[in-house]
Amino acid sequence: MPKRLRVSLVLSLLAAAVGTALVAPAAASAADCTPHCYKHPITGALICTAPCP
């Protein structure tokens with residue numbers, strides 16, 4: 001197998017893996033409508049996200 005073809009194959013597989021990893025959390029967070037809260041590190045205020053986007 002030529003080197004250019006191997007590099008192309010590896011890059012396309014990597015792009016597919018990254019695309020799958022980015023789509024999976026988005027689908028999971030869309031189904032979850034619970035708000036996520038965290039404490040602001042500087043002000044100490046409690047910040048919560050909207051329940052459903």
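## Starting point

Is Cys 48 buried, partly exposed or exposed, and what is its relative accessibility? At 42% relative accessibility, Cys 48 counts as partly exposed, because the class of partly exposed residues lies between the cut-offs of 20% and 50% relative accessible area. The structure described here is a predicted model.

## Fold and surface

The secondary structure of the chain consists of 1 helix and 2 strands, and the order in which these elements follow one another along the sequence is α-β-β.

The chain has 53 residues, of which buried residues make up 0%, where buried refers to a relative accessible area under 20%. For the chain, the accessible surface comes to about 4,600 Å², and carbon and sulfur atoms account for 73% of that surface.

## The disulfide

When the whole structure is searched, 1 disulfide is found. The bond joins Cys 37 to Cys 48, with an S to S distance of 2.0 Å, and the pair links distant parts of the chain, since its two members stand 11 residues apart. Cys 37 belongs to strand S1, which covers residues 37–39, whereas Cys 48 belongs to strand S2, which covers residues 46–48.

As for its geometry, the link of Cys 37 and Cys 48 is right-handed, with 110° about the S-S bond.

## Exposure of the two cysteines

Cys 37 has a relative accessible area of 43% and is therefore partly exposed, while Cys 48, at 42% relative accessibility, is likewise counted as partly exposed.

Conventions. Residues numbered from 1 in each chain as written. Predicted model: local features only at pLDDT ≥ 70, side-chain atom pairs only at ≥ 80, totals over all residues. Heavy atoms only, no water. Disulfide = S-S within 2.5 Å. Helix = DSSP H or I, 4+ residues; strand = E, 2+ residues; numbered from the N terminus. Buried < 20%, exposed > 50% of the residue type's maximum accessible area, 1.4 Å probe, protein only. Areas by Shrake-Rupley, 256 points an atom, 1.4 Å probe, with all protein chains shown as cover.
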